[in-house]
Amino acid sequence: MSIQIKNINIVDPSTNTNKIGDIFIEDGKIVEKLSKPADEIIDGKDKTAFPGLIDVHSHVREPGQEEKETIKTGTRSAAKGGITTVFCMPNTKPVTDNAPSVEYILMKAQKEGKVNVFPIGCITKGSQGKELAEIGILKKAGIVAVSDDGQPVANSQIMRRALEYTKMFNLAVISHCEDKELARNGVMNAGKNSMIFGLRGIPNQSEEIMVSRDIMLCELTGGKLHIAHVSTAGSVELVRQAKKKGLNVTCETCPHYFTLTDDYVQNYDTNFKMNPPLRTQKDVDAIKEGLKDGTIDCIATDHAPHTLEEKNREFDTAPFGIIGFETLLSLTLNELVDKNILTLSEAIAKMTVNPAKIFSLDTRGSLKAGSAADVTIADLNHEYEFKKEDILSKSKNSPFIGRKFKGCAVMTIVGGKIVWTLKDGIIN
Amino acid sequence: MSFNRKDLLGLEHLDKTEIQTIIDSARPFKNMFTRSIKKAPALVGKTVVNLFYEPSTRTRTSFEVASKRLSADVVNIATATSSVVKGESLVDTAKTLEAMKADIIIIRHTLAGTPELLAKNLNASIINAGDGFHEHPTQGLLDLYTMYEKKKKIEGLKVLLVGDILHSRVAKSNIWALTKFGAKVRVAGPPTLIPGKISELGVEVFYNLDEAIKDVDVINILRIQMERQQENLFPSIHEYVELYQLTKERLAKAKPDVLIMHPGPMNRGIEITSEVADCSSAVINEQVTNGIAVRMAVLYLLAAARKGENYVHSN
């Protein structure tokens with residue numbers, strides 16, 4: 001099977017490419033040129049191609065919470081968002097702290113998935129924060145990083161050991177930074193709005209204290225630290241300083257943290273409830289600044305599906321999290337590129353070459369010859385409204401329903417196969 | 001008449017005219033209380049449900065009496081908080097009530113935003129009878145009504161709220177109502193019980209009650225809840241009493257004609273001495289009477305707005 005994408009605007013930050021040209025795909029790989037005429041020719045006129053987008057933070061919920069999402073539905077949702085690789089967090093049921101769990105996810109992805117699914121393993125057994133998980137065995141089974149996402153490692157000694165131990169595998173430790181005691185019972189950002197709405201607040205410092213601690217432990221150990229979903233101005237500054245010192249620290253943010261503020265919580269709409277919570281305009285501005293100056297390396301979704309029943313309830317008792325696969329690219333284009341925060345190439349780098357480098361995905365995040373043929377084709381001028389009935393995720397908990405966007409994926413190619421097009425939907 | 005809403009969820013989003021309409025409508029109802037027949041037919045054939053997820057005597061009874069004096073059929077449902085988490089969801093419970101053709105649902109809940117949740121999901125009118133730390137609009141209205149009655153004018157009044165401002169929906173509703181009418185609001189309490197951003201609502205913050213009390217026209221004392229001590233928000237009731245109890249000595253620093261209010265239930269000997277609670281400046285029992293009149297006004301206005309069916313949806 002070979003594909004030629006003709007006369008397309010190629011934006012590939014890994015090679016600083018930004019020009020009209022052709023992309024050749026043969027046997028699941030990007031090639032310089034085809035050995036025989038292409039089986040399929042795609043007209044690239046008025047379209048833009050990037051390396052397939054990599055989302056380093058998602059919850060695909062399988063196994064154990066299939067009512068929210070499955071690998072089948074989640075990867076379809078990702079494909080529609082132009083995402084060709086998703087990392088899935090280990091807080092499944094059971095948690096991914098053992099090789100069979102990793103193998104199950106990979107097997108399911110192979111059978112039913114539409115995009116690459118790379119599991120993240122637990123840092124500690126049961127994500128209990130007490131003893132290190134068998135990270136070496138997990139690595140052999142196929143994990144790309146470790147994290148106790150949602151259950152941050154409270155004990156500094158254990159976090160230290162995790163950062164030390166993972167060095168031999170060159171695995172990043174992804175830290176969900178939250179001081180659970182300081183954040184206790186909080187359901188939204190602590191500030192004027194939480195006071196007015198009568199909801200308990202989560203102060204910025206509950207994130208920043210742990211960002212500081214983990215940066216210090218990174219300095220102590222020389223381990224590889226990746227900070228998940230940065231949401232505050234203070235965290236951005238801490239990472240900026242750590243990078244200046246030359247520490248092995250990277251971080252990500254999510255589209256909602258550069259798009260929304262805690263003002264949106266005012267109707268107690270639980271689709272604006274996530275952890276970390278939406279912060280203030282000052283934080284949003286700092287996130288954008290961090291994206292611009294390179295402090296923030298990646299844009300990830302923290303795709304966190306929850307059922308309608310779970311979300312249509314009291315703000316306090318509804319679960320944290322929103323879906324994000326299907327809005328990642330459009331939000332990045334409209335909020336960052338169109339507003340001149342990032343160039344298109346800089347924005348795409350944060351979802352392609354940067355995550356590929358941080359997590360050592362050697363054959364991904366690039367359209368260089370020899371790379372896996374994961375390609376996202378976008379129409380930057382396509383205008384549409386994000387509608388609930390169009391969502392492919394099993395859950396519909398998005399704060400962006402009804403929002404109008406300009407620019408989105410129109411075709412997603414994974415391993416040389418067209419898996420989704422805007423025109424025909426999922427290709428089986 | 002300028003009150004055209006489906007629900008009463010809080011005072012934050014009401015404008016001054018709407019609040020004034022409620023206050024003005026309450027007056028004739030209060031006058032009715034001295035008549036031998038304390039009943040009006042305004043809500044004949046309407047079903048009012050008191051859905052209380054939190055213990056309450058005063059507010060629940062007040063709404064019940066108010067509804068009955070307007071000739072409505074009243075149903076009281078008291079649900080233990082635990083069932084919120086365990087059993088039927090709040091939305092389903094309320095939908096069941098709506099299926100029984102409840103016209104107005106009055107909800108009291110430990111969690112903020114629950115009245116909004118019902119308002120979004122139901123066609124029945126929702127009245128917030130206190131939701132978590134958010135608002136208690138009818139308490140704010142009855143406090144305002146009482147101040148109006150005693151002081152004739154709200155603008156320029158110095159009103160002091162004392163105690164646990166952080167967890168107080170009464171404080172919040174008072175602040176919204178009073179600031180809209182031009183009162184000068186002060187709050188006093190330990191920094192752990194005063195939200196850091198409260199001054200952005202246009203109120204003055206005091207940690208020292210003796211300073212805060214100087215020249216005030218009204219003191220509204222809030223109940224201190226014993227469980228706040230376990231959260232380390234203050235070291236002991238003993239120390240709280242020392243620093244924040246309203247005593248006769250402290251009261252001497254206020255204006256001579258100061259009004260003393262308390263939303264109840266009172267902890268005598270803790271936030272207020274019995275001597276002060278029972279003195280001639282205290283209007284705590286009148287607040288209760290006024291509460292019925294104000295709640296009748298709210299029920300009456302919501303029912304009237306429903307008749308037109310052209311009310312403004314809250315969300």
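**Exercise 1. The interface between the chains**

Find how many residues of chain A are in contact with chain B, and how the residues on that side of chain A divide by type.

*Solution.* In this predicted model, 15 residues of chain A are in contact with 23 residues of chain B. Sorting the residues on the side of chain A that touches chain B then gives 6 nonpolar, 5 polar and 4 charged.

**Exercise 2. The overall form of chain A**

Decide whether the radius of gyration of chain A agrees or disagrees with that of a compact globule.

*Solution.* Begin with the make-up of the chain, which has 13 helices and 19 strands. The C-alpha atoms of chain A, taken along the principal axes, fill a box of roughly 60 × 45 × 40 Å. For 428 residues, a compact globule would have a radius of gyration near 22 Å, and because chain A has 20 Å, the two agree. Two further values complete the picture: 59% of the 428 residues count as buried, and among the contacts in chain A with a separation of 6 or more, 75% are between residues 24 or more positions apart.

**Exercise 3. Two helix pairs in chain B**

Describe how H4(B) packs with H5(B), and then do the same for H6(B) and H7(B).

*Solution.* Two packed helices are described by the angle between their axes and the distance between the axes.

Step 1. Helix H4 (residues 90-99) and helix H5 (residues 114-121) of chain B have axes that come within 10 Å and cross at roughly 55°. An angle that is neither under 35 nor over 145 degrees, and that also falls outside 65 to 115, counts as oblique, and H4(B) and H5(B) are therefore oblique to each other. H4(B) passes H5(B) in a right-handed crossing. On the side of H4(B) the contact is made by B:Leu90, B:Val91, B:Ala94 and B:Lys95, while H5(B) brings B:Thr114, B:Leu117, B:Leu118 and B:Asn121. These residues divide into 5 nonpolar, 2 polar and 1 charged.

Step 2. Helix H6 (residues 137-151) and helix H7 (residues 169-180) of chain B pack at an angle of about 55°, and their axes are 8 Å apart. That angle makes H6(B) oblique to H7(B), and the crossing of H6(B) and H7(B) is right-handed. Among the residues that make the contact are B:Leu141 and B:Leu144 of H6(B), together with B:Trp176 and B:Ala177 of H7(B). The residues of this contact divide into 7 nonpolar, 4 polar and 1 charged.

**Exercise 4. Unusual backbone geometry**

Locate the cis peptide bonds that lead into A:Pro276 and B:Pro265, and decide whether A:Asp302 and B:Lys152 are buried or exposed.

*Solution.* Most residues other than glycine have a negative phi, and most peptide bonds are trans.

Step 1. The peptide bond from A:Asn275 to A:Pro276 is cis, with omega near 0°, and A:Pro276 is found in the loop between helix H8 (255-259) and helix H9 (281-292) of chain A. In chain B, a cis peptide bond joins B:Gly264 and B:Pro265, with omega about -10°, and B:Pro265 lies in the loop between strand E9 (259-261) and helix H12 (274-277).

Step 2. A:Asp302 is not a glycine, although its phi is positive at about 55°. A:Asp302 has its place in the loop between strand E15 (298-299) and helix H10 (308-311) of chain A. A residue is buried if 20 or more other C-beta atoms lie within 10 Å of its own, and exposed if 12 or fewer do. A:Asp302 has 28 other C-beta atoms within 10 Å, so A:Asp302 is buried.

Step 3. B:Lys152, which is not a glycine either, has a positive phi of about 70° and is found in the loop between H6 and strand E5 (158-162) of chain B. With 8 other C-beta atoms within 10 Å, B:Lys152 is exposed.

Conventions: Residues are numbered from 1 along each chain as its sequence is written. Chains are lettered from A and ligands numbered from 1 in the order in which they are written. This is a predicted model: local features need pLDDT of at least 70, side-chain atom pairs count only at pLDDT 80 or more; totals for chains, interfaces and linings use all residues. Two residues are in contact if their C-beta atoms, placed from the backbone, lie within 7 Å. Ala, Val, Leu, Ile, Met, Phe, Trp, Tyr, Cys and Pro count as nonpolar, Asp, Glu, Lys and Arg as charged, and the others, Gly among them, as polar. Axes are lines fitted to C-alpha atoms, for helices over the stretch in contact, and angles run from 0 to 180 degrees between N-to-C directions. Helices (H or I, at least four residues) and strands (E, at least two) are DSSP runs, numbered from the N terminus. A crossing is left-handed if the near helix is turned anticlockwise from the far one by less than a right angle, and right-handed if clockwise. The radius of gyration is taken over C-alpha atoms; the globule rule is 2.2 Å times the number of residues to the power 0.38.
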